[in-house]
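User: Please take a close look at one loop residue and the helix that leads into it, and then place that part within the whole model.

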Amino acid sequence: IVTYNIIIRGLCSLGRMEEAISLLNQLQNENLVPDLFTCSAIIDGFCKLKEIGNAKIFLKQMVTWGLEANIVIYNTIVRGLCKNDSISEASDLVEEMKSRGILPNSVTYTTLMHGFCCFGNLEEARRIFGVMKGSSLGVNVVSYTTLIGGYCKCGQMDEAIKLYKEMHLNGLSPNKYTYTVLINGYAKVGNREAASKLLDEMVNSGIVPDSVTYNAVMSGFCKEGRIEEAFKISDQMSQEGLVLD
RNA sequence: CGUUACAAGU
């Protein structure tokens with residue numbers, strides 16, 4: 001079943017659901033039984049195609065195999081709903097999950113936060129952040145990065161930086177994602193200086209930027225008409241062996 | 001803990 005799961009996951013991540021389902025049928029013909037890994041792969045596949053309907057149908061199907069949705073399955077659907085602009089349904093699902101005795105984990109919370117951030121509902125995202133912080137889970141670098149990203153998206157760089165500083169006080173180190181979110185935020189509001197400064201901080205703290213990070217920096221330069229400096233960055237990327245995409 | 005099973009960046 002592990003072998004099948006690996007292949008099914010591969011197909012699902014490519015959106016090749018017909019083939020995944022046919023493999024699912026094949027393994028059952030060989031008297032193997034799908035497990036939660038199989039199901040999460042397939043549900044995630046449907047969710048990524050925004051086929052929430054199919055994901056829900058599959059969720060019912062699982063029960064006939066004696067499988068109960070676990071936290072990963074719930075999280076996967078919550079994310080699918082968020083991506084499908086159904087944030088309120090996502091919140092409802094989390095409540096339903098709780099009523100079934102499954103407690104949200106860090107992934108659940110950050111998924112919801114991200115959904116609210118995409119909607120520009122920073123109050124709700126921050127509220128969930130507070131819930132996480134007050135729970136035994138605590139907040140982690142992903143929670144911070146998600147919330148920082150929400151503020152960056154809305155151009156509220158002051159709040160974003162406040163959180164960035166707060167992270168350090170809480171003993172958490174920003175990672176490549178955190179820096180890229182912030183750099184992109186500054187680039188978008190036209191503050192290339194702050195963006196460059198963060199890039200330096202990033203490198204000084206031993207984090208290696210990748211092409212996503214550099215692209216964000218360059219967009220800041222280009223936005224302000226500093227094409228030459230942008231070229232310098234792209235040269236540096238090549239020097240570091242990064243592929244220009 | 002044979003399956004990077006689910007969360008954050010251009």
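Analyst: Asn31 is exposed, with a relative accessible area of 69%; exposed means over 50% relative accessible area, buried under 20% and partly exposed in between, using a 1.4 Å probe and protein chains only. This is a predicted model, in which local features need pLDDT of at least 70 and side-chain atom pairs count only at pLDDT 80 or more, while totals for chains, interfaces and linings use all residues. Residues are numbered from 1 along each chain as its sequence is written, chains are lettered from A and ligands numbered from 1 in the order in which they are written, and side-chain values use heavy atoms, with hydrogens and water left out.

Asn31 is found in the loop between H2 and H3. Helices (H or I, at least four residues) and strands (E, at least two) are DSSP runs numbered from the N terminus. The phi of Asn31 is positive, near 65 degrees, in a residue other than glycine. Most residues other than glycine have a negative phi. Lys50, in the loop between H3 and H4, also has a positive phi of about 65 degrees and is not a glycine. At 49% relative accessibility, Lys50 counts as partly exposed.

The helix just before Asn31 is H2. H2 covers residues 17–29, 13 residues in total, and reaches 18 Å from its first C-alpha to its last, close to the 18 Å expected at 1.5 Å a residue; the expected span is 1.5 Å times one less than the number of residues. Its buried residues are Met17, Ala20, Leu23, Leu24 and Leu27. These residues lie on the same side of H2 because they cover an arc of only 120 degrees around the axis, the arc being that of the directions from the helix axis to the C-beta atoms. Glu18 and Asn29, on the other side of H2, are exposed. The buried residues of H2 pack against H1, H3 and helix H4 (52–64), where contact means heavy atoms within 4.5 Å.

Chain A as a whole contains 14 helices and 0 strands. Of its 245 residues, 45% count as buried. Among the contacts in chain A with a separation of 6 or more, 56% are between residues 24 or more positions apart. The C-alpha atoms fill a box of roughly 60 × 40 × 30 Å along the principal axes.

Two neighbours of H2 also take part in the surface near RNA strand B: H1 (2–13) and H3 (36–48) are among the helices that each supply at least two residues to that surface. A residue is near a strand if one of its heavy atoms lies within 4 Å of it. RNA strand B is surrounded by 33 residues, and the closest are Arg9, Asn75, Thr110, Asp210 and Asn215. Sugar and phosphate make up 41% of the strand atoms that come within 4 Å of the protein. By class, the surface has 10 nonpolar, 17 polar and 6 charged residues. A polar side-chain atom of Asp210 lies 2.8 Å from a base nitrogen of RNA strand B, and an N or O atom in the side chain of Asn215 is 2.8 Å from a base oxygen. For Thr146, a polar side-chain atom lies 3.4 Å from a sugar or linking oxygen of RNA strand B.

Technical notes
A polar contact is a pair of N or O atoms within 3.5 Å; within protein, one must be able to donate a hydrogen and the other to accept it, and residues adjacent in sequence count only if both atoms are side-chain atoms. Ala, Val, Leu, Ile, Met, Phe, Trp, Tyr, Cys and Pro count as nonpolar, Asp, Glu, Lys and Arg as charged, and the others, Gly among them, as polar.
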